[in-house]
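The following exercises concern a single protein chain and its strands, helices and buried residues. Each task is followed by a solution that proceeds step by step.

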Amino acid sequence: MIRDTFVNGSDARVRIELPTPAYPASKKLEELIRQRIKFAAAELEPRIELHSTVRGKDAGGRIGLNVHNIIAVGSGKGGVGKSTVSAALACGLHSMGCRVGLMDADVYGPSIPHMMNAKGQPAASEMKDEQGNRVMRMEPIDVGGVKLMSMGFFIEQGQSVVWRGPMLHKALTQFLKDTQWGELDYLIIDLPPGTGDAPMSLAQLVPSTGVVIVTTPHSVAANIAGKAAQLFQALQRPLLGVVENMATFVCPGCGSESRIFSGTSGRSLAEGLGIAFLGSVPLDPSVSDASDRGLPSLVAEPGRPQAAAFREIAGRIAAQASILAEGHRSSPDVAGVL
Ligand SMILES: Nc1ncnc2c1ncn2[C@@H]1O[C@H](COP(=O)(O)OP(=O)(O)O)[C@@H](O)[C@H]1O
Ligand SMILES: [Mg+2]
């Protein structure tokens, strides 16, 4: 990460290039460098400049997108908070200075438009692609700087749609490729739940940077999350780690914290799979209140413990993605290392 060093008299400058603006340990790194310089030459006054450039495998290149990292969020079971985590991840990374898109690929229950209070229909316009062919492209809906696309924008509220294998596959492919995402540091994909055709074919189609598994500490949820994780591994999709949602509850009366469910914890699921444990989000009524009002809780209640947990998890996911982008295996130990 050290890009340049400069010493003139007592003036010492170090230029650091972080792999992402969401790098979770930048303060710690800055302090460490300062200490080392002071240790080596106490008379120097170090000035440490932190910059960041998101690198990535240019995950979108193969399908014609200018997207550095694609991060798919999956779970085995529905209702564990996959969409909540996807929205928080998108908003968290955006608030740290990253260019972010969020694609709601949960065709069975598109909930991102509601959670983000995104209204309207994406505008379509005709343009020329790189080969000069005339193509139709859709403009994502911008909410506070995050670019959104969802099947929900095309379905009347309350209406349900039956998607079958090939139709679903085509619709999702089309969706992803025909959206005018522009240059993005991170594209977050909220996958459909389960281990069926839809999430798996999408995971196969998308040259994703990695998959984040969301679970709750119920054994049923963890078992099926484990199965989903193994299937992603079998498809050669790197797993970035496990997020445990709804793990603890802080009593608003006395402030004591209790674990509500006693099943397999996110940490033991991650250990069993040999992947990183990315963190735990408490059950907090403000999370569901906020998303019912159309605001991700991270934005609505930035001071609560759930928001701190989401921000920390976003940083770890970004760090994991950059480790992968450098061609290393994701580290099961990322939380410890940072
Ligand atoms: N940590 C949490 N605390 C309280 N409610 C939550 C939390 N995470 C999710 N919820 C709520 O649980 C419900 C299901 O979450 P959702 O993200 O839609 O799950 P999924 O996408 O996995 O089906 C939503 O009403 C959501 O607001
Ligand atoms: Mg959902």
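**Exercise 1. Determine which residues of β5 lie on each of its two faces, and whether the strand is enclosed or open.**

Step 1. On one side of β5 are V100, L102 and D104, and on the other are G101 and M103. Strands (E, at least two residues) and helices (H or I, at least four) are DSSP runs, numbered from the N terminus.

Step 2. Every one of these residues is buried, and both faces are thus covered. Buried means under 20% relative accessible area, exposed over 50%, and partly exposed in between, with a 1.4 Å probe and protein chains only.

Step 3. Because five of the five residues of β5 are buried, the strand is largely enclosed by the rest of the structure.

The model is predicted: local features need pLDDT of at least 70, side-chain atom pairs count only at pLDDT 80 or more, and totals for chains, interfaces and linings use all residues. Residues are numbered from 1 along each chain as its sequence is written, chains are lettered from A and ligands numbered from 1 in the order in which they are written, and side-chain values use heavy atoms, with hydrogens and water left out.

**Exercise 2. Identify the strands that pair with β5 and give a bridge partner in each.**

Step 1. With β10, β5 forms a parallel pairing over five bridges; two strands pair if DSSP finds at least two bridges between them. Here D104 faces D190 of β10.

Step 2. Strand β9 (residues 146-150) also runs parallel to β5, joined to it by four bridges. K147 in β9 is the bridge partner of G101.

**Exercise 3. Describe the surroundings of D106 and P193.**

Step 1. D106 belongs to the loop between β5 (100-104) and α3 (112-115), whereas P193 belongs to the loop between β10 (184-190) and α5 (197-205).

Step 2. D106 has a relative accessible area of 8% and is therefore buried. P193, at 28%, counts as partly exposed.

Step 3. Leaving aside neighbours within four places in sequence, D106 is in contact (heavy atoms within 4.5 Å) with K82, D190, L191, P192 and P193. With the same exclusion, the contacts of P193 include K82, D106 and P199.

Step 4. A polar atom of the D106 side chain lies 3.2 Å from the backbone nitrogen of G109.

Step 5. The C-alpha atoms of P193 and V73 are 9.4 Å apart, although 120 residues separate the two along the chain.

**Exercise 4. Compare the expected and actual span of helix α2, and state how far the helix is enclosed.**

Step 1. The expected span is 1.5 Å times one less than the number of residues. For the 14 residues of α2 (residues 82-95) this should be 20 Å, and the end C-alpha atoms are 20 Å apart, which agrees.

Step 2. Of these 14 residues, 12 are buried, so α2 is largely enclosed by the rest of the structure. Among them are K82, S86, L89 and L93.

Step 3. After α2 comes G97, with a positive phi near 105°.

**Exercise 5. Locate the residues that touch the most other members of the largest nonpolar core.**

Step 1. A nonpolar core is a set of buried Ala, Val, Leu, Ile, Met, Phe, Trp, Tyr and Cys residues joined through side-chain atoms within 4.5 Å. The largest has 81 residues, and L93, I188 and I189 touch the most other members.

Step 2. Helix α10 (residues 305-325) gives the most to this core, nine residues.

Step 3. Beyond its neighbours within four places in sequence, I188 is in contact with residues including L89, L93, V100 and L102.

Technical notes: A polar contact is a pair of N or O atoms within 3.5 Å; within protein, one must be able to donate a hydrogen and the other to accept it, and residues adjacent in sequence count only if both atoms are side-chain atoms.
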